[in-house]
Amino acid sequence: MLRVLDHLEEWLIGFLMASATVVIFIAVVHRYAAGVSFLYPFVRHIHMAWAQELCIYMFVWMAKFGAAYGVRTGIHVGVDVLINRLNDRWRDKFIVFGLLAGALFTGVIGTLGASFVWDISQTDTVSADMEVPMWLVYLAIPAGSYLMCFRFLQVAWHFVRTGELPHHDHGHVAGLESQAGPDLDEIEADGAGAQEGKR
Amino acid sequence: MNAAIIFGLLLALMLTGMPISISLGLTVLTFLFAMTTVPVEAVALKLFTGIEHFEIMAIPFFILAGNFLTHGGVARRMIDFATAMVGHWHGGLGLAGVMACALFAAVSGSSPATVVAIGSILLPAMIKQGFPRQFGAGVIATSGALGILIPPSIVMVMYSVSTNTSVGELFMAGVVPGLMLATMLGITTWYRAWRGGYPRMPRADLATRLRTFVDSVWGLLLIVVVIGGIYSGMFTPTEAAAMSAVYAFVVSVFIYRDMPLKQVGQVLLSSANMSAMLLYIITNAVLFSFLLTSENIPHAISEWIIDKELGVVAFLLVVNLLLLAAGNFMEPSSIVLIMAPILFPVAVKLGIDPIHFGVLIVVNMEVGMCHPPVGLNLYVASGITKMGITELTVAVMPWLLTMLVFLGLVTYIPEISLWFPAAIGAR
């Protein structure tokens, strides 16, 4: 069950990222195609005014759910200079405090967002270009925030039980490992050896 | 008084180590709830409208493009080209590293990404050639910082969003300082290598140079797409970012074929992860600056500073010190989003050019990325070279000092930033 949620989340944000890119790409191509005389008859019926709006909404959804995914991958960094100097017991307490604070904040925002979405769903507000109901667009706030709240609690629970935190490694490049090849220590040793060999 | 409470609360929450975005948001919620009559519901709406700007969407696109370029073999070809061009001078691969970083910076908007892209290929090669590890790590960690100065730049987008400055103008303003800093870092590298007698590459003949150039031309063309596209008005910066993401995808998967199609999903996911994190900080920072504005704090601070009659010179010095200090605790995006709305009104009142001020902030952020405790470039370099942070701190010193000299120049000679945009008529 949880794994299905994980995959759904990953699939959703990856998909939104890709489609937003494609939408803007097509909109730009369309704009210039309309300027070319022999293409004009083909493209003049297509209107791309909604592209920007769609892109923004897609990215807002991507941002809300991606932020929840980010809790799981540990990408939300804080100022840990001070707490890293504390002894382990206090440090652990602060980490749990931070995670619970995250859960509190996202929980409150989710609730505020939900009541906001409820209010707006009672009206007929639609978006400017695509004319989709606004409550559907704003649904990203409660849905994303509640999911994020859940992720914070999940990470906190996992940390209390096992003492492990998800950690995002900025230096990690998938696929480059194979090119970087052997450990640098070995290369250094090899290099030194080669130089001695020359002498 | 309110200002003291707000900043005190923010600082206290931050120091507990919780994510910066959360501490910004909680500060706002707590303050609004406890001290004001502003309806808390307004917060939820702000969380949405905060990122409802098309300009901000350049950030995810540039991150995506950068990830494709890193994984797609563009960095490797740029390194080959740079090595063929400057590898035979003193400094050899190190100098090539500076040039490759500058080239890659012109297609990528992030510093750590530049360090990863260039460093993970070049550092092993340098050590193999007999360069001391410290030298290689120092060159790459500092040159990688060019990523946010040479356009495109994610930090510049952040600045322009929080101060309503034109992204296009900022990008153009970054070109000359970027090239200048690259040259200065190059000279430092050259000098240190000359003194240390480090290995040089054999001089590449014209055929090699031409071949490596043609090889890397697909990556280099991206510079034309982004900078040329924005400058000529063909694209808005966001559109240029989207175009470069599509372009980088095509180059990596279909032209260079360094990236298998099945890896694309992974790249999309990790880009979305990084973008969502930044967008989440932005939304909460927008919330925070909404609070500051509704409490009239930026205005009060600027009145206070102007009352002190600091003058431009002293004010810029204070700004530099403040930003360098902040660089010890936070990463660039958060600093820009929190500090820019406060400092910007003062700068404008003192008659400092918004574009010049933006470049100055970006250079400060570059310095912050290269020194501990939170310099992300250092952590990335340490991940690649397996060197400790303390050791790396010593290693980057010569280049870091060069950057500080450069910071002084950029701060007090506005023409460095403003000359180029004016010359091409961008403003």
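## A stacked pair in helix α1 of chain A

W11(A) and F15(A) sit four residues apart in helix α1 of chain A, so about one helical turn separates them. This is a predicted model. W11(A) is exposed, because its relative accessibility is 58% and the cut-off for exposed is over 50%. F15(A) has a relative accessible area of 42%, so F15(A) is partly exposed.

Now look at the rings. Over all chains, the count is 18 aromatic pairs. In the pair W11(A) and F15(A), the ring centres are 5.5 Å apart. The planes of W11(A) and F15(A) meet at 0 degrees, so this pair is stacked.

## Rings across and within chains

How far apart are the ring centres of F59(A) and F61(B)? They are 5.1 Å apart. Their planes stand at 65 degrees, so the pair is edge-to-face. This pair crosses between chains. F59(A) belongs to helix α3 of chain A, and F61(B) to helix α4 (residues 58-71) of chain B. Both F59(A) and F61(B) are buried.

Chain B also holds a cluster of rings. F131(B), F135(B), Y198(B) and W399(B) are linked into it by ring pairs.

## Where the chains meet

Next, the interface. On one side, 67 residues of chain A are in contact with 72 residues of chain B. About 6200 Å² of area is buried between chain A and chain B. Carbon and sulfur atoms give 77% of that area. Four residue pairs are in polar contact across the interface of chain A and chain B, both residues being at pLDDT 80 or more.

Which elements of chain A give two or more residues to the side that touches chain B? They are α1 (2-33), α3 (50-73), α4 (88-121), α5 (134-138), α6 (140-162), α7 (177-180) and α8 (184-198) of chain A. The largest share of that side, 14 residues, comes from α3(A). By type, the residues of the side of chain A that touches chain B are 43 nonpolar, 18 polar and six charged.

## One salt bridge between the chains

The count between chain A and chain B is one salt bridge. R31(A) and E239(B) form it, with 2.9 Å between the closest N and O atoms. The pair runs from helix α1 of chain A, home of R31(A), to helix α12 of chain B, home of E239(B). R31(A) has a relative accessible area of 37%, so R31(A) is partly exposed. E239(B) is buried, because its relative accessibility is 8%.

## Salt bridges inside chain A

Over all chains, the count comes to nine salt bridges. One of them joins D6(A) and R72(A), whose closest N and O atoms are 3.6 Å apart. This pair links distant parts of the chain. D6(A) is in helix α1 of chain A and R72(A) in helix α3 of chain A, 66 residues apart. D6(A) is buried, with a relative accessible area of 18%. R72(A) is partly exposed, with a relative accessible area of 22%. Why do these two get separate labels? Buried means under 20%, so D6(A) at 18% counts as buried. R72(A) at 22% is in the partly exposed range, because that range begins where buried ends.

R151(A) forms a salt bridge with E9(A), at 3.3 Å between the closest N and O atoms. R151(A) lies in helix α6 of chain A and E9(A) in helix α1 of chain A, so the pair ties together parts 142 residues apart in sequence. R151(A) and E9(A) are both buried. A network of salt bridges links D6(A), E9(A), E10(A), R72(A) and R151(A).

## Covered helices in chain B

In α8(B), 10 of its 11 residues are buried, so this helix is mostly covered. Among the buried residues are R133(B), F135(B) and S143(B).

S417(B) lies in helix α20 (residues 415-423) of chain B. Its relative accessibility is 0%, so S417(B) counts as buried. What does S417(B) touch, leaving out residues up to four places away in sequence? It touches A173(B), P177(B), H356(B), V359(B) and V410(B).

## Backbone details in the loops of chain B

The peptide bond from P151(B) to P152(B) is cis, with omega near -5 degrees. P152(B) lies in the loop between α8 (133-143) and α9 (154-163) of chain B.

R257(B) has a positive phi, near 55 degrees, and is not a glycine. R257(B) is in the loop between α12 (237-255) and α13 (264-294) of chain B. At a relative accessible area of 66%, R257(B) is exposed. N296(B), also a residue other than glycine, has a positive phi near 65 degrees. N296(B) lies in the loop between α13 and α14 (297-307) of chain B. Its relative accessible area is 46%, so N296(B) is partly exposed.

Notes: Residues numbered from 1 in each chain as written. Chains lettered and ligands numbered in written order. Predicted model: local features only at pLDDT ≥ 70, side-chain atom pairs only at ≥ 80, totals over all residues. Heavy atoms only, no water. Buried < 20%, exposed > 50% of the residue type's maximum accessible area, 1.4 Å probe, protein only. Contact = heavy atoms within 4.5 Å. Buried area = accessible area lost by both parts, 1.4 Å probe. Salt bridge = Lys/Arg side-chain N within 4 Å of Asp/Glu carboxyl O. Polar contact = N/O pair within 3.5 Å; in protein donor to acceptor, adjacent residues only side chain to side chain. Nonpolar A, V, L, I, M, F, W, Y, C, P; charged D, E, K, R; others polar. Phe/Tyr/Trp six-rings, centres within 6.5 Å; stacked < 30°, edge-to-face > 60°.
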